[in-house]
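Me: Please give me a close look at one part of this model, beginning with a single side chain and its contacts. I would then like to see how that part relates to the other charged and surface residues.

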Amino acid sequence: AVVSTQSTGGRPFYIQLVNARVYPDAGALASAEEHINTSHGKVQCRGLQVVSRAQTDVVKAGQEDKNKEYRCIIRTDSPVTEEDVARLSSVRDLLLNQETPLRVLHRRSPLLRKRRIISVNARLLTEDEVAM
């Protein structure tokens, strides 16, 4: 079975301005956000804001502990039952071996990496769509 997922979440990021003479105001940030969201198609952002050094430390800490939360919508070729959703939601501490994704092979070694799914929270959206 082929499972195709699309990320509906996002990842926090920050950009450091070095030797900035002026910090961007809310209008400049809104303009930058609109430009990014209408120019690229594959990249979107929301909530651009000036942040403190303490807030950048929070982003860095999230990268270090490597516990990440992902959200996706799964579309299937056949109807999904409430029993299927309950079985997905019962997943706890599942260990996986992940091959290096093709999209990052140019910057990472092709290795088998151990991954752990701590928990899954699934809910039925339509008869062939599940949000996780």
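Reply: In this predicted model, a polar atom of the arginine 113 side chain lies 3.5 Å from the backbone oxygen of serine 109. The side chain of arginine 113 also makes a polar contact, at 2.5 Å, with the side chain of threonine 100. Arginine 113 belongs to strand E4, which covers residues 112-119. Arginine 113 is buried, yet it has no salt bridge. The nearest side chain of opposite charge is that of glutamate 99, at a distance of 9.7 Å. That distance does not meet the criterion for a salt bridge, because the nitrogen and the carboxyl oxygen must lie within 4 Å of each other. The two polar contacts described above therefore involve a side chain that is buried, a term that means under 20% relative accessible area.

Strand E4 also contains arginine 115. Arginine 115 is partly exposed, with a relative accessible area of 36%. Together with Arg11, Lys68, Arg103, Arg107 and Arg108, Arg115 forms a positive surface patch. Arginine 115 can belong to such a patch because its 36% satisfies the requirement of over 30% relative accessible area.

A third arginine of strand E4, arginine 116, takes part in a salt bridge with aspartate 93. The closest N and O atoms of this pair are 2.7 Å apart. The pair links distant parts of the chain, since aspartate 93 lies in strand E3 and arginine 116 in strand E4, 23 residues apart. Aspartate 93 is partly exposed, with a relative accessible area of 48%, and arginine 116 likewise counts as partly exposed, at 48% relative accessibility. In general, side chains of opposite charge can pair when their charged atoms come close.

Aspartate 93 has a further feature, which concerns its backbone. Its phi is near 45°, a positive value in a residue other than glycine. Most residues other than glycine have a negative phi. Asparagine 19 also has a positive phi, near 55°. Asparagine 19 is placed in the loop between strand E1 and helix H1, and it is exposed, with a relative accessible area of 74%.

The pair of aspartate 93 and arginine 116 is one of the salt bridges in the structure, which holds three. Another joins glutamate 129 and arginine 75, at 2.7 Å from N to O. Glutamate 129 lies in strand E6 and arginine 75 in strand E2, so this pair ties together parts that are 54 residues apart in sequence. Glutamate 129 counts as buried, at 18% relative accessibility. Within helix H3, arginine 87 and aspartate 84 are three residues apart, about one turn of the helix. Their side chains meet in a salt bridge of 2.6 Å, N to O. Aspartate 84 counts as partly exposed, at 23% relative accessibility.

The surface also carries a nonpolar patch of about 580 Å², made by Phe13, Ile15, Leu17, Tyr23 and Val50. Valine 50, in the loop between helix H1 and helix H2, is partly exposed, with a relative accessible area of 45%. Arginine 53 lies in helix H2 and counts as exposed, at 62% relative accessibility. Arginine 53 and glutamine 16 are 37 residues apart in sequence, while their C-alpha atoms are 9.8 Å apart in space.

Technical notes: Residues numbered from 1 in each chain as written. Predicted model: local features only at pLDDT ≥ 70, side-chain atom pairs only at ≥ 80, totals over all residues. Heavy atoms only, no water. Patch = residues over 30% accessible without salt bridge, like charges linked within 9 Å, V, L, I, M, F, W, Y side chains within 5 Å. Areas by Shrake-Rupley, 256 points an atom, 1.4 Å probe, with all protein chains shown as cover. Lys, Arg positive; Asp, Glu negative; His and termini not counted. Charge placed at Lys NZ, Arg CZ, Asp CG, Glu CD. Helix = DSSP H or I, 4+ residues; strand = E, 2+ residues; numbered from the N terminus. Buried < 20%, exposed > 50% of the residue type's maximum accessible area, 1.4 Å probe, protein only. Polar contact = N/O pair within 3.5 Å; in protein donor to acceptor, adjacent residues only side chain to side chain.
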